[in-house]
Amino acid sequence: MRNKILWMLVSCVMALSLVLASCAPAVVEEEEEVAPPVDEEEVVEEKAVPKVEEPKYGGTLRLVRSASPVGFDPGLTNWSIDNFVGHCYEKPLAGDIDKYGPRGENLFPFCYWGGVAPLDYTKPQLIEGWEFTDPMTLVYHVRQGVHFQNKPPVNGREMDAEDVALSLRRIWEVPRFNTGYWSFVDSVEAIDKWTVQFKLNKFDSAWKWMLGYGWYTMVIPRELVEQDLANKWEYVCGTGPFILTDYVTDTAVNFKKNPDYWDTTTIAGKEYKLPFVDRFTIYIIKDVPTSVAAFRTGKVDVGMNWMPTEALPMLESHPELEHISHDCAGSLMVIHIQCDGGPTEDLRVRRALMLALDNQAMLDKLHMGDGLLMQNPWLQEGFPSYVPLEELPADIRELAEYHPDKAKQLLEEAGYPDGFKIKMMSPTWDFAQDNAAVCAAYWEDIGVHCEIDTRDMGILFATFYAGKQPALMQINRGGLHLCESQAETNPDSLWNIGRWIDPEFHGYLDNALAAREPAERDRWLKEMNLRFMRQVPMIFLPNPATRTLWWPWVKNYYGEAETEFATLNTPFMRIWIDQELKKEMGY
Amino acid sequence: MRNYIIRRVILIIPTLLLASLAIFIVTRLIPGDVITQMVAEGGGTLSRESDEATRQMIEQRLGLDVPIYVQFGRWVTGIVLHGDLGTSLWRDTPVTKEILQRFPITLELGIFGMVTAMIISFPIGIYSAIRQDSAGDYIGRSFAIACMAAPAFWVGTLVVVFPSVWWGWSPSIDLIPFSEDPVGNLAQYAIPGVILGMGTAGLNMRYLRTTMLEVLRQDYIRTAWSKGLGERMVVMRHALKNALLPVITLVGLQIPVLIGGAVILEQIFCLPGMGRLLLDSARARDYTIISGLVLTMAVAILFVNLVIDLAYAYLDPRVQYR
Amino acid sequence: MVEAITEKRRGALADFFLRLVKEKPLGALGGVVTLLFLFTAIFADFLAPHGMNEMVEVVGLSGPSTNYPLGTDQLGRDILSRIIYGARVSVIVSLVATTLAVLISTILGGLSGFFGGKFDLVAQRFVDAWMCFPGLVVLIVAASIVGPGMWQVIICLGLLYGISGSRIPRSAVIGIKENVYVDAARVIGCSTPRTLYRHIMPNVMAVLIILFTTRVPLMILVEAGLSFLGLGVPPPTPTWGGMLSTEGRRYMLQNPWMAIWPGLALSIVVFGISMFGDAMRDLLDPRLRGGVGRYGVKVKARLKTKIGE
């Protein structure tokens, strides 16, 4: 009898707890108003001029990423590896956040994710300087006194030109590098202990990116290459501020401070050795609600590149958080359109498709009204010669507005008075599906019936690799930059998904690449930008503003992300943790 | 009996061969092959020519340039001779190492799940059978089925999101090894384990209830009643033992679910288990990991099934060994 | 003298329903839920106030209101309509997949059990090989191969559970085969198909019905799990699992209603079908007939009325 009652009691308790757990009361208790959308003019939004405090050494910095590293050799692939080992390895050039960033002249926020710092806002990092000894020969003067980390088999050896040359030469030697990427370079040699010489066959105005701070430019010690240890995390050893100590599979990557790091920073006139924090951990959390919850409970110090739907509620509930908002985060939401066949070959049809979309309504609906209606593909905000949407010519501006009647008219002129059927392939990401659904609804109104095919990224890649892409394909692009321009727009290139070929555009592009003076290069970039937007080879969707949030105990941080490609060590080594403040706040 | 055991063990071999062949071929049928992904993800290629050159280099490096039967042969010889399941195509690490790192995590999660399922399902199942159609029966069964009806990812998300908002607590995002902090480790696995167990408890409970009801209608039970035995004696000594036998089979059927099926919870609670490895590898088309992992799971399940079959044969006097 | 207890003769179906309502009220409730579910699915076009993908509001994420009783989702679509249409998708997926699964199980398991010998041996090796893969693993790999789509999901689920569930009809057939009447049928010269149809099948039916009713809610839940992993029925088709796992989770803090309604619908339907299935099994399973259970209930009821007079 007793046993029975006991079991009944246990069952009731469990039932009760289940009911409690499942019943989610409306959590947003007060009827809060959503924070007013960030003024689109501002790129950098600072809370207040931070008081300059005396930095303290010590503590742990914790970050979150949503994908595991697929390896540790910077030569094997570019972004997902660089995001992790980018804290250990450095590059010849780097973005100059002290001078041009929010700490200095505030010309560029350096907060783009997967984006590119402008070519003019860089400084030599692992080199002391560069020069063109003749129009086709570039010379790097390698910095002296920089040591690799003290780990076997390198054991703190000093870096020299041979390491730099070897690291850069790997682009031709390691499989999985794209063999066509450096077509303008003939050879890379270390001609003496401190000099690296590049022999070019053509001048490329984006050379700083290609050879200095972009993909595949991390400097690794020659022992790792010779002994084939570059892909093993136990041996990752660079010149950077953090030493990789531990990799817990798919969970966390742990770093510790490099005590012999060569660089210093100046705060309020005093020079400090870097980095400040003792330990640095990157957690790998794939699931978005989990990582948001982890940030909210103080388990993670910096939350990078959050969409408005995640960031705004968090800022509501925790007004003490520091944050920075950037309107485009260097990534474009686009739908590639087939330009070499079908109804969309006609420019009028492409323009019609864009005119039929109400960008403002889409922005309000999908991203809480927070972001850009249409992003400039080739000149994002912060880049010199950026021109905001309001100042662009009227025929480009109207693409971001809502003109369904004009769209219908254009369709009629092009010979499709009753519309037509079209197919779109879309990845499985949440926002991609929402974008696709909304676009299809708007196009339905002008008579274009769009069929959406949702597939995972592997299949999307395979489809356009095989050349079988449908008329519309939605893929995020990490911004369009001069350095990637040929890949995106070459007639024969894999990533030219719409197969768009435009001689006028290519003329401007060639001029931009050949221009030795930045001013001339930017002039051609502007032309490229206008021509590209006019020709509508892609549907430009509204871009959400993304935010980087951090707790108040993270000091000396201005929301920067990447200074070189996929490398975040430059801002992060300047961070110091106020451990007392953290304890005070209860974390 | 001995013959039966030998027969059973021998029968595993053709099963395993069939299974490994199936795995090997099927993983390569997934569209969007791995090399295309690597080339495309590499980023800026300028022309189809350079794409093809890169592609060939990668194929060679990964050993994918030989015909499929050669690859299969190499794989099988590797397993049989060296116990080597190959190397991951993306991560460049031995597959065996990847799997061994994740096995204890899946095991611990699975054990928690099974224990929870048993704690919930056994008492309710037995009670529901003895007191069929009573109020207690309904409450108990409703509870067990309610547990099953709430999808694991929903409960998991609720547990992660709302406590962080209400009480400032969220589950650990770092793996706590048992050796360092036993309590923390158990706590980390307890929550997803309980949710996992709740999902399977409903099924177990209903099955146990059915077998108990069946057994309670047998003649020997009626004899026991009429002999005047107390209810406890009848249930515990006669009914339960016989009712448990099929449940052992059911528990055996749950093992595959626990081994591979905790994918969702592993993702939400940051536990790098075998299920998550499989999902990530399927997305990345990492053939060697998928093949090695599925084969490992298959071997584990076959082994567990063998043990259960043998236990069943040993315990149940009615089983004929033909 | 005790009067002979006479029983009114009723038709089998009427008897079944009466027993269902009188003895198993929860099961009857489950039956009502199941019927409602089917009704909603079939008449979705008439019941839903708006289209399933119609964006009725410019800015969504609103709670229940007079216009939209369950609120709107992030794209401004009416949640009530999407739930109603979601019922249709859930019904199609679960019913067709379960039918397919039970068909495959019966044919494979039944024939294997009936013929035995070499055929059984080989067939069971295939089934063993199949069953040593965890279900979700097979689904993930299969879904990656065939891609997303409602019919792909149905076929994957049907095939998976069909083969792995073939043990149940097989053991039932083996059990029935041992009976004397099967031997008797053979002795008098019944052909195999006739034996199967007239003697084996009716006795296996009960098991099959139970198998069916237990599988249907399972299919709905598995589809929900697949949607979470991105492998289920692709959007914008609304499914309850999909609505929960994608939009419901993402906007959980801003508009919890988006997670509550599909979750409630899912839970209620799974609960109802499961209870109904249990009640069916209690009433139909031949192994649960007689004995202390039902006999006891009937006798007690009679005695009460008799003694009470």
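**Chain C, order of elements.** I read chain C along its sequence in this predicted model and got the pattern α-α-α-α-α-α-α-α-α-α-α-α-α. The count agrees: chain C holds 13 helices and zero strands. I then looked up burial, and 53% of its 309 residues are buried. For contacts in chain C between residues at least 6 apart in sequence, I found that 72% join residues at least 24 apart.

**Helix H10 of chain C.** I checked whether this helix is straight or bent. H10, residues 192–228 of chain C, has 37 residues, and a straight helix would reach 54 Å at 1.5 Å a residue. The C-alpha atoms at its ends are only 47 Å apart. I looked for the place of the bend and found about 50 degrees at Met201(C). A proline, Pro202(C), follows within four residues. Just after H10(C), I noted Gly230(C) with a positive phi of about 85 degrees.

**Chain A, overall.** I turned to chain A, which has 19 helices and 24 strands. Of its 587 residues, 64% count as buried. Among contacts in chain A between residues at least 6 apart in sequence, 73% join residues at least 24 apart.

**Nonpolar cores.** Which residues touch the most other members of the largest nonpolar core? I found Trp182(A), Phe198(A), Leu211(A) and Trp443(A), in a core of 112 residues. Helix H13 of chain A, residues 430–445, gives the most to this core, with seven residues. I noted a further core of 104 residues lying apart from it, with Met148(B), Ile268(B), Leu279(B) and Leu70(C) among its members.

I took Leu211(A) for a list of contacts, leaving aside neighbours within four places in sequence. Its partners include the aromatic residues Tyr140(A), Trp182(A), Phe184(A) and Phe198(A). Leu138(A), Leu168(A), Val185(A) and Leu200(A) are also in contact with Leu211(A), as are Pro92(A) and Thr217(A).

**Aromatic pairs.** I searched the whole structure and got 49 aromatic pairs over all chains. I picked out Trp551(A) and Tyr587(A), whose ring centres are 4.8 Å apart. Their planes stand at 45 degrees, so I entered the pair as tilted. Trp551(A) is in the loop between strand S22 (546–550) and strand S23 (554–555) of chain A. Tyr587(A) is in the segment after helix H19 (579–584) of chain A, so the pair links parts of the chain 36 residues apart.

Are the two residues of this pair buried or exposed? Trp551(A) has a relative accessible area of 0% and is buried. Tyr587(A) has 35% and is therefore partly exposed, as the cut-offs are under 20% for buried and over 50% for exposed.

I also found a cluster in which ring pairs link Phe242(A), Phe255(A), Phe280(A), Trp550(A), Tyr557(A) and Phe572(A).

**Charges over rings.** I looked for charged ends over aromatic faces and kept two cases. Arg516(A) lies over the face of Phe132(A), at 5.4 Å from the ring centre. In chain B, the charged end of Arg28(B) sits over the ring of Phe24(B), 3.9 Å from its centre.

**Cis peptide bonds.** I noted a cis bond from Pro152(A) to Pro153(A), with omega near 0 degrees. Pro153(A) lies in the loop between strand S5 (137–142) and helix H4 (161–173) of chain A. I noted another cis bond from Leu274(A) to Pro275(A), with omega near -10 degrees. Pro275(A) is in the loop between strand S11 (270–273) and strand S12 (279–284) of chain A.

**Positive phi outside glycine.** I went back to the loop between S5 and H4 of chain A, where Asn155(A) lies. Its phi is near 55 degrees, a positive value in a residue other than glycine. Asn155(A) has 47% relative accessibility, so I entered it as partly exposed.

In chain B, I found that Cys270(B) has a positive phi of about 55 degrees, although it is not a glycine. Cys270(B) lies in the loop between helix H11 (263–268) and helix H12 (274–284) of chain B. At 3% relative accessibility, Cys270(B) counts as buried, because that is under 20%.

Definitions and conventions: Residues are numbered from 1 along each chain as its sequence is written. Chains are lettered from A and ligands numbered from 1 in the order in which they are written. This is a predicted model: local features need pLDDT of at least 70, side-chain atom pairs count only at pLDDT 80 or more; totals for chains, interfaces and linings use all residues. Side-chain values use heavy atoms; hydrogens and water are left out. A nonpolar core is a set of buried Ala, Val, Leu, Ile, Met, Phe, Trp, Tyr and Cys residues joined through side-chain atoms within 4.5 Å. Buried means under 20% relative accessible area, exposed over 50%, partly exposed in between (1.4 Å probe, protein chains only). Helices (H or I, at least four residues) and strands (E, at least two) are DSSP runs, numbered from the N terminus. Contact means heavy atoms within 4.5 Å. Rings of Phe, Tyr and Trp (its six-membered ring) pair if their centres lie within 6.5 Å; planes under 30 degrees apart count as stacked, over 60 as edge-to-face and the rest as tilted. A charge sits over a ring if NZ of Lys or CZ of Arg is within 6 Å of the ring centre and within 35 degrees of the ring normal. The expected span of a helix is 1.5 Å times one less than its number of residues. The bend at a residue is the angle between axes fitted to the seven residues ending there and the seven starting there.
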